[in-house]
Amino acid sequence: GIMPSKKYSLLKCGIAVPTDDNTGMVQPEEVLSQIFRPRKFALIADHRLVFKEMEGLAEDSDLVIHEATLSKTDGVKKIKIRGHNNAFNAGKFAKDRGCHILALNHFGSTSVTEEHINNVLEEAREGNENSSEVVATYDFLEIRIPRGGFNFRRKGTTTKESDSVRRGRER
């Protein structure tokens, strides 16, 4: 057996753990009635290139936070010079990796108006092809990821999880 410890968390995530005396393994299905998938999020920082290793780590994330400093209208040359990415590419990144929610951040410092943010969101949704929930971040935004992660795909459906994201965005 095992005493209360961090091993409990691993078991809840479906990971087998060694017994306290190291004579065997405790399998999650032996002690739990329900196993939850760990919550998963990825942060794509201030950079125009996303390394292959990071792409793999971001696969099937509940939440991916991605910069949207530039716009498609800025062109590839400006993206390369400034070293930032655009909202369209952020949307495509989330779609290609099966991410549930795309949260855009690091907007360009010039004229961040409601119209600008709406344009950024529209561009990201275009790249995303409506496969993820797309939101714009702001200071102190909270997005609650339910235990076991999200189990929805946007594609025009609404679920309790999707509604909770909308409520979090309205704070």
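# Exercises on a four-stranded sheet and its helices

Strands E3, E4, E5 and E6 form an open sheet in that order, with parallel pairing. The model is predicted: local features need pLDDT of at least 70, side-chain atom pairs count only at pLDDT 80 or more, and totals for chains, interfaces and linings use all residues. Residues are numbered from 1 along each chain as its sequence is written, and side-chain values use heavy atoms, leaving out hydrogens and water. Helices (H or I, at least four residues) and strands (E, at least two) are DSSP runs, numbered from the N terminus.

## Exercise 1

Find which strands stand at the edges of the sheet, and trace the pairing.

**Solution.** Step 1: two strands pair if DSSP finds at least two bridges between them. Step 2: E3 (41-44) is joined to E4 (63-67) by four bridges, and these strands run parallel. Ile44 has His66 in E4 as its bridge partner. Step 3: E5 (residues 101-105) and E6 also run parallel and are joined by four bridges, with Leu104 opposite Ala136 in E6. Step 4: E3 and E6 are the edge strands; each has a single partner strand, so one side of each lacks a neighbour in the sheet. From one strand to the next, the twist averages 20°.

## Exercise 2

Sort the residues of E6 and E3 by the way they point or the face they belong to.

**Solution.** Step 1: in a regular strand, side chains alternate between the two faces of the sheet. Step 2: in E6 (residues 133-136), Glu133 and Val135 point one way, Val134 and Ala136 the other, and all are buried (under 20% relative accessible area; exposed is over 50%, partly exposed in between; 1.4 Å probe, protein chains only). Step 3: in E3, Ala42 and Ile44 make up the covered face, and Phe41 and Leu43 the uncovered one.

## Exercise 3

Describe how H5 and H6 lie against the sheet and against each other.

**Solution.** Step 1: H5 lies across E3, E4 and E5, at about 155° to E4. H6 packs on the sheet and touches E5 and E6, its direction making about 155° with that of E6. Contact means heavy atoms within 4.5 Å. Axes are lines fitted to C-alpha atoms, for helices over the stretch in contact, and angles run from 0 to 180 degrees between N-to-C directions.

Step 2: the axes of H5 (residues 87-96) and H6 (residues 114-128) come within 6 Å and cross at roughly 40°. That makes H5 oblique to H6; angles under 35 degrees count as roughly parallel, over 145 as roughly antiparallel, 65 to 115 as roughly perpendicular and the rest as oblique.

Step 3: Ala87, Phe88, Gly91, Lys92, Ala94 and Lys95 of H5 meet Val120, Glu123, Ala124, Glu126, Gly127 and Asn128 of H6. These contact residues comprise five nonpolar, three polar and four charged.

## Exercise 4

Locate His106, Asn130, Asp60 and Leu49, and state how accessible each is.

**Solution.** Step 1: His106 lies in the loop between E5 and H6. Not being a glycine, His106 nevertheless has a positive phi of about 55°. With a relative accessible area of 36%, His106 is partly exposed.

Step 2: Asn130 sits in the loop between H6 and E6, has a positive phi near 60° and is partly exposed at 37%.

Step 3: Asp60 is in the loop between H3 (52-58) and E4 and is partly exposed at 30%. Asp60 and Lys40 are 20 residues apart in sequence and 7.9 Å apart, C-alpha to C-alpha.

Step 4: Leu49, in the loop between E3 and H3, counts as partly exposed at 43%. Its C-alpha atom is separated by 7.8 Å from that of Asn85, 36 residues apart along the chain.

Terms used: Nonpolar A, V, L, I, M, F, W, Y, C, P; charged D, E, K, R; others polar.
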